[in-house]
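Q: Can we go through a few features of this model together? I'd like to learn how to read them.

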Amino acid sequence: MYKPEFLNTIKNYSGKSFITDFIAGIIVGIVALPLSIAFAIASGCSPETGLYTAIFAGFCIAAFGGTRCQIGGPTGAFTVIIYKIVNDPSLGLTGLATATVLAGIILILLGVFKLGGLVKFIPYTIVIGFTAGIAVTIATGQIGDFFGMTPQFPLTVMGTEYLKMPGTFAGKILVYAASIGTINWYSFAMAAICLAIIFLWPKVTNRIPGSLIVIILATVVHIFVSKYTNLNTDIIKDRYAIPSSLPKPVLPALGLETISNVFPTALSIAILAAIESLLSAVVADGMIGTKHDSNSELIGQGIANIVSPLFGGLPATGAIARTATNIKNGGRSPVAGIVHAIVLLLIMLLFGKYVEYIPMAALAAVLISVAWNMAGIPSIKELLKGQKSDICVLTATFLITVFVDLTYAIGIGLIMAAFFFIKKMTELSEVQSGNRTVVTGILGDGHTEQIELPKDVMVYEIDGPLFFGTVRKFEVATEQAGLNYKVLILRMRNTLYLDAGGIRALEQCKAACDKKGITIILSGIHTQPYMLCEKTGMADKIGRENIFDNISAALARANELVSK
């Protein structure tokens with residue numbers, strides 16, 4: 001039953017708890033301000049869209065989610081998807097709103113049908129691969145502002161004419177390379193110093209992120225420098241305007257054509273939102289010793305992603321860094337997340353005109369630091385020491401994310417991971433036969449097992465799952481036996497899984513044995529294989545009197561059959 005964590009925690013809520021949550025909410029709200037703006041700009045959108053996302057989605061994630069301390073809002077994971085769709089002339093912000101609402105609906109359905117646990121089955125290598133790819137894409141998009149470049153469009157590079165900054169990795173690199181003569185050294189110095197401070201700031205304190213410090217310092221310094229010198233760099237005000245009021249809700253386009261065009265994107269948004277929010281929830285659980293409800297969390301995320309675009313916001317999910325900041329500053333309930341959203345609302349309404357003076361170079365430094373942390377270099381190094389299949393999936397996912405598209409990266413990564421898993425299971429599965437007087441084997445406890453076989457009895461032990469990937473091994477083994485016996489015992493003590501392909505193989509084996517008058521006995525069958533045999537009628541075909549849970553009973557039945 002769906003029950004938001006807010007209702008669970010509010011029962012025994014106290015004034016003392018409110019004070020600590022209130023303080024944490026104020027701090028994380030201030031911290032979220034530059035990040036919300038930076039992620040919006042990196043996505044090719046105006047700054048206020050990031051603020052709207054943090055306000056409306058952040059409130060909904062805290063109020064309706066299944067995690068105590070989750071802080072939600074725009075994150076770097078979505079920048080690649082958003083940038084692509086808003087720069088598509090046929091879709092733009094309207095298409096993005098539709099995709100986000102659809103993603104919200106998908107997330108709610110995942111939660112309602114209790115599929116939150118399925119996210120855990122997405123291979124770790126895929127998550128690391130596309131996260132690293134997103135990190136590279138974010139960093140690439142900030143090269144221009146980091147160096148203060150001003151590309152002049154239209155721009156022709158290697159025979160290709162660009163009317164604006166391209167969305168592809170290769171295109172951006174070519175445009176930056178052609179614009180290297182426009183570097184603003186003042187912007188570069190500011191960005192470099194900001195980046196250095198961000199990386200060194202944890203030596204001072206971990207309670208307040210360095211990103212907030214550099215935004216404040218860079219803004220104050222630039223105001224004075226621009227007033228008394230000729231040095232200049234772009235600020236938010238030069239490109240965008242921060243509104244001083246909330247937008248009116250607008251329903252997105254929900255026509256069939258638009259929905260069909262954006263559905264793959266919506267699916268990618270939903271998958272990313274689910275992965276990142278549940279990862280953040282796990283991190284939060286580890287920090288405060290609680291346990292989140294993954295299905296309730298997905299429903300909360302879904303509600304947030306439906307509400308956010310109605311008010312001009314972007315896709316949202318739980319933000320690991322902001323959630324950790326919330327916890328480190330005393331946040332212990334969803335109230336802190338609600339306060340964080342209210343703080344951002346007040347800042348936008350009352351101090352939006354000051355936000356406009358933030359230098360773009362400082363925001364670029366913040367985003368590059370975010371990209372570095374997202375890249376997961378230590379995790380990649382560990383994976384590169386592992387097996388070749390993991391390295392292949394990691395590399396393919398990373399390269400497809402950077403050079404093609406995140407949606408394709410996830411899909412192809414899953415296909416590759418499934419292929420390697422099936423291949424590995426096929427290699428591990430074996431079909432061993434024995435038609436000697438005594439069959440020996442090693443039991444799990446290290447003791448040797450000896451089985452004396454009656455005359456005209458063959459034993460086949462299926463070691464591993466019998467599914468479509470291993471069926472051929474079974475077929476070859478039974479074909480090679482020549483069927484020169486009266487009873488065939490299929491020992492399945494190590495077969496925990498059976499699928500339709502395995503059932504088909506059993507049917508073919510049964511048909512071949514029937515022609516020779518051979519009886520099949522199943523021994524040591526586990527629950528899943530037996531239930532499937534029941535459902536498909538295979539149990540009746542073999543005969544329930546020929547299905548046993550241990551080899552002794554199976555041998556006794558074989559003795560009975562051969563003595564007739």
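Q: Is the crossing of H9 and H10 left-handed or right-handed?
A: The crossing of H9 and H10 is right-handed, meaning the near helix is turned clockwise from the far one by less than a right angle (anticlockwise would be left-handed). One caution: this is a predicted model, where local features need pLDDT of at least 70, side-chain atom pairs need 80 or more, and totals for chains, interfaces and linings use all residues. Residues are numbered from 1 along each chain as its sequence is written, and side-chain values use heavy atoms, without hydrogens and water.

Q: At what angle do H9 and H10 pack?
A: Two packed helices are described by the angle between their axes and the distance between the axes. Here, H9 (residues 185-200) and H10 (residues 210-228) pack at about 150°, with axes 9 Å apart. That makes H9 roughly antiparallel to H10 (an angle over 145 degrees).

Q: Which residues of H9 and H10 make the contact?
A: Contact means heavy atoms within 4.5 Å. H9 brings Tyr186, Met190, Cys194, Ile197 and Ile198, while H10 brings Gly210, Ser211, Val214, Ala218, His222 and Val225. They divide into eight nonpolar, three polar and no charged.

Q: How many disulfides are there?
A: A disulfide is a covalent bond between the sulfur atoms of two cysteines. With the cut-off for a sulfur pair set at within 2.5 Å, the count is zero. Take cysteine 509: its nearest cysteine sulfur, that of cysteine 513, is 4.2 Å away.

Q: Is cysteine 509 buried or exposed?
A: Cysteine 509 is buried, at 7% relative accessible area (buried is under 20%, exposed over 50%, partly exposed in between, with a 1.4 Å probe and protein chains only).

Definitions and conventions
Axes fitted to C-alpha atoms, helices over the stretch in contact; angles between N-to-C directions. Helix = DSSP H or I, 4+ residues; strand = E, 2+ residues; numbered from the N terminus. Parallel < 35°, antiparallel > 145°, perpendicular 65-115°, else oblique. Nonpolar A, V, L, I, M, F, W, Y, C, P; charged D, E, K, R; others polar.
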